[in-house]
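Biologist: Please take a close look at one part of this model and describe its surroundings in detail. I should like the criteria behind each term to be stated as you go.

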Amino acid sequence: MQTPASMQQLSQRLQSTPSWLLFLICSGILYLSLFPLLSWGIFTEDDSHIMRVALDYGPILPWFDAARYQELSVANFTPLPLSLYYLLSQLFPMRPLFFVLFMLGMLTIVSTLTALLVQRLSASKLSGLASIVLLFSCQTTLTLASRFYTMHYLVGAVFALLAVLLCYRQALTPLRIGGLMLLALLAMASKEVYVMLLPLLVYLAWHQYRAGRETLQLLGGLLVTFLIYWLWRSVMLGGSPALGQENSYFAGFWNIPLAAWASFLIWYVQTHYLLLLTALIVLILNPRTVLPRLPLALMFALPGLAVTHGIVDHTMHADRIFFAMNTGLVIVIAASLGPVLARIAERRQLGVASVVLLAVSVAGQASFAASYRQVVTERADYRITRYILDRAPALAQTTVLLPMNYIQGDLMRVASKLERPWPQLTQNCELALAREPENMIAFDDQGALLERAVLTERCSNNGPVPQIDQEPQFSEGILSWSMNPPPGFTAGVLFIDRAFAVPLPQFASQLVRPAPGERYQVFATNWQQWWFGEPAVIAGESSQEIE
């Protein structure tokens, strides 16, 4: 146990160290400690697609060219990741460990800014330090760091936190209002969830100035900012639905089953237990401080309710969808911890309490990381991508046959753009078997290597021709086709240039705009007999070729 003298010396050192430096060091140490737990991370989910669009068109053009941007998305306007992926891919081509470090660096910055805001709210460095531990204890920060395609949520949080720091109890000069407008626009361009920053800034101004001139000027400026953003977004998306694929804001919310809600709540408690326990303590000991502020954090959950997958498929999506809300909860709870920390300090147990909290947080992250790694590394997508990344130079002249469930095929085009060695990827078994045995490898649906003899048995080329009612076409943000395969067979489409397969005979969905001249190939199969049509270019709207 620390002596009173040592506690006094520690307190003096904390007080003498600049807040930003203290918070930055503490945050950096904690998040860099996660690096060994995430060193297995690779490109997953949307990573290859975002990198391909970024490298095709550069870091600036997709911000203002609707046709180019729509190759990334026709449902959400988030151009920021294209610029970030372009920069990281040029600096560290096909090197996922540097992406992990970038994500941990962004979490460090978010944690530092969160602590600075908590200190300003509570006039307590200890509360700022507590916020660092609380944010770190959320196990969803670990999954965020491993999913590079979530980086725009973190960068958006940086812009949002800077805006709140710039606004809270500050003189709202015209220059400062202009800065707030710019930060709010960048935050919303990072991710739509940060549109909730606008009412928060107005509330902070009203809390200080009431209905004074400063509040009205800020309100006017933020209304202009929102109008610019919404018009910009509408033009870039070409009049697509407001959010995701829902027809109205809460269209899917009311249909979420109770079992999905129960599963989500259990998961949330398991991954945020220290934050929730601290919230309960604060609610009991300091309700007058925390209750008025709580809605300000919870309102950042509202945009996430516009899409059901944050609840229904929470293990894949909720970490990023509710990150802004989690950060807000950390700020509200930590800023209300003053009385609790004072009682602990009076009893000279602050050092012990700090060690216990850090130990619980680090142990929780380590345990969660082990189970999370096991789940991810057993997926077929991971096993195949890991195999290719580790052997890319040796596989440069090889054709790799992929299962239909593989979604990282765009890495083939990314590697070509970066002039890095990479094999030819395909889901066409006839094309793969046409290669020499030494220049072909195949994977099954579990991501395991498949013997050529087994593949030969599974790839007979005498499959029947399906009835094609509509060839694949893209129109008004909808990619569609229609086929009628013979009984016992299914049909679908291979997107040749991105090694991506959709084994569905009928399809009509809001999807990304095809790349210029993007090719497809119709197929039919019963998983033993196959038929492949001739390659063709997707009909309908597409980007114009770049000179």
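Modeller: The account below starts from one helix and then moves outward to its neighbours, to the charged and aromatic pairs, and to the annotated spans.

This is a predicted model, in which local features require pLDDT of at least 70 and side-chain atom pairs count only at pLDDT 80 or more, whereas totals for chains, interfaces and linings use all residues. Residues are numbered from 1 along each chain as its sequence is written, and side-chain values use heavy atoms, with hydrogens and water left out.

The part chosen is helix α4 (47-57). Helices (H or I, at least four residues) and strands (E, at least two) are DSSP runs numbered from the N terminus. Ten of the eleven residues of α4 are buried, so the helix is largely enclosed by the rest of the structure. Here buried means under 20% relative accessible area, exposed over 50%, and partly exposed in between, with a 1.4 Å probe and protein chains only. The buried set consists of Asp47, Ser48, His49, Ile50, Met51, Arg52, Val53, Ala54, Leu55 and Tyr57. The cover over these residues includes α5 (66-69), α6 (80-91), α7 and α23 (411-417). Gly58 follows α4, and its phi is positive, near 85 degrees.

Tyr85 shows how residues of α4 meet other parts of the chain. Leaving aside residues up to four places away in sequence, Tyr85 touches Asp47, Ile50, Met51 and Ala54, together with Phe99, Phe148, Tyr149 and Met151; contact means heavy atoms within 4.5 Å. Tyr85 also belongs to the largest nonpolar core, of 144 residues, where Tyr85, Tyr194, Leu197, Leu201, Leu218 and Trp422 touch the most other members. Helix α10 (residues 151-167) gives the most to this core, with 13 residues. Such a core is a set of buried Ala, Val, Leu, Ile, Met, Phe, Trp, Tyr and Cys residues joined through side-chain atoms within 4.5 Å.

Among the covering elements, α7 (residues 96-122) contains Thr114. Thr114 is buried because its relative accessible area is 1%. Its contacts, apart from residues up to four places away in sequence, are Ser131, Leu135, Leu161, Thr327, Val330 and Ile331.

Aromatic pairs come next. The structure holds 26 of them. Rings of Phe, Tyr and Trp (its six-membered ring) pair if their centres lie within 6.5 Å; planes under 30 degrees apart are stacked, those over 60 edge-to-face, and the rest tilted. Phe43 and Phe148 have ring centres 6.0 Å apart and planes at 80 degrees, so they form an edge-to-face pair. This pair links distant parts of the chain, 105 residues apart: Phe43 lies in the loop between α3 (35-38) and α4, and Phe148 in the loop between α9 (140-146) and α10. Phe43 and Phe148 are both buried. Trp63, Phe64, Tyr69, Phe77 and Trp232 form one aromatic cluster.

Charged pairs complete the view of side chains. A salt bridge is a side-chain nitrogen of Lys or Arg within 4 Å of a carboxyl oxygen of Asp or Glu, and by this rule there are 13. Asp65 and Arg68 form one, with their closest N and O atoms 3.3 Å apart, and both residues are buried. Another joins Arg519 to Asp497, at 2.8 Å between the closest N and O atoms. That bridge connects parts of the chain 22 residues apart, with Arg519 in strand β10 (residues 519-525) and Asp497 in the loop between β7 (490-495) and β8 (500-502). Arg519 is partly exposed, since its relative accessible area is 34%, whereas Asp497 counts as buried at 18%. Returning to α4, salt bridges that share partners join Arg52, Asp56, Glu71 and Lys417 into one network.

Finally, a record may be set beside the model. An unreviewed UniProt entry lists "transmembrane region" for several spans, including residues 20-43 and 97-119; its positions are given in the numbering used here, feature names are shortened, and annotations may be inferred rather than shown by experiment. Residues 20-43 are 71% helix and 0% strand, with end C-alpha atoms 33 Å apart. Residues 97-119 are 100% helix and 0% strand, and their end C-alpha atoms also lie 33 Å apart.
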